[in-house]
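Q: Please take a close look at a single part of this model. Which residues face one another there, and how does that part fit with its surroundings?

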Amino acid sequence: MVKFRDIAVLESFFKRNPHIPEAADPKIHMNVGSTKVNSDNLFTVEIELRCDLAKGDEKIVESQVKVAGIFELVGDNIEGLSVDTFQKVNAPAILYPFVREHLANLSIKAGMNPLIIPTVNFQKMAERKAND
């Protein structure tokens with residue numbers, strides 16, 4: 001079993017242009033990383049997401065969010081999953097809604113419509129990376 005112990009926003013950056021057009025092209029880049037299980041059976045999974053909006057060559061919004069989740073391995077079994085699979089699929093799926101919410105709130109507080117980034121299928125993402 002794995003316990004979700006804590007979450008922290010490690011980095012948060014948001015910059016917007018004063019003039020936001022009706023339509024802009026979002027560019028989203030995401031990295032997921034994790035640490036090895038330590039002697040206390042804890043490990044960390046981080047998601048770093050960058051979302052920029054541009055219209056042509058003009059940058060409208062630049063944003064970056066980095067979130068870390070701390071998980072505890074309790075016992076030997078993660079309900080049939082390996083720790084590696086949990087770190088690549090399940091943990092990011094647990095953390096990602098927090099990243100989406102943080103970015104949406106930053107954009108609202110910046111006086112614009114919320115940036116709603118799409119959902120992610122971390123299972124398919126892990127499969128694609130394994131096949132590359």
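The four-stranded sheet

A: In strand 3, V45 is the bridge partner of S34. The model is a predicted one, in which local features need pLDDT of at least 70, side-chain atom pairs count only at pLDDT 80 or more, and totals for chains, interfaces and linings use all residues. Residues are numbered from 1 along each chain as its sequence is written, and side-chain values use heavy atoms, with hydrogens and water left out.

The pair S34 and V45 belongs to a wider arrangement. Strand 2 and strand 3 run antiparallel and are joined over 10 bridges; two strands pair if DSSP finds at least two bridges between them. Strands are DSSP runs of E with at least two residues, helices runs of H or I with at least four, and both are numbered from the N terminus. The open sheet holds 4 strands in the order 1-4-3-2, with antiparallel pairing. Its edges are strand 1 (2–16) and strand 2 (25–34), each of which pairs on one side only. From one strand to the next, the twist averages 15 degrees.

Strand 3 (residues 42–55) also pairs with strand 4 (residues 58–73), in the antiparallel sense and over 14 bridges. Within strand 4, I70 is the bridge partner of T44, and V61 is that of L53. These two strands form a hairpin with 2 residues between them. In its turn, G56 has a positive phi of about 65 degrees.

Aromatic side chains add a further link. A search of the whole structure finds 6 aromatic pairs, meaning rings of Phe, Tyr and Trp (its six-membered ring) whose centres lie within 6.5 Å. The ring centres of F4 and F71 are 5.1 Å apart and the planes meet at 25 degrees, so this pair is stacked (planes under 30 degrees apart). Because F4 belongs to strand 1 and F71 to strand 4, the pair ties together parts that are 67 residues apart in sequence.

The surroundings of the sheet include a helix. Helix 1 lies across strand 1, strand 2, strand 3 and strand 4, and runs at about 45 degrees to strand 3. Axes are lines fitted to C-alpha atoms, for helices over the stretch in contact (heavy atoms within 4.5 Å), and angles run from 0 to 180 degrees between N-to-C directions. Helix 1 (residues 83–109) packs in turn with helix 2 (residues 122–131) at about 140 degrees, the axes being 8 Å apart. There, K88, V89, P92, A93 and Y96 of helix 1 meet F122, Q123 and A126 of helix 2.

Definitions and conventions
Rings of Phe, Tyr and Trp (its six-membered ring) pair if their centres lie within 6.5 Å; planes under 30 degrees apart count as stacked, over 60 as edge-to-face and the rest as tilted.
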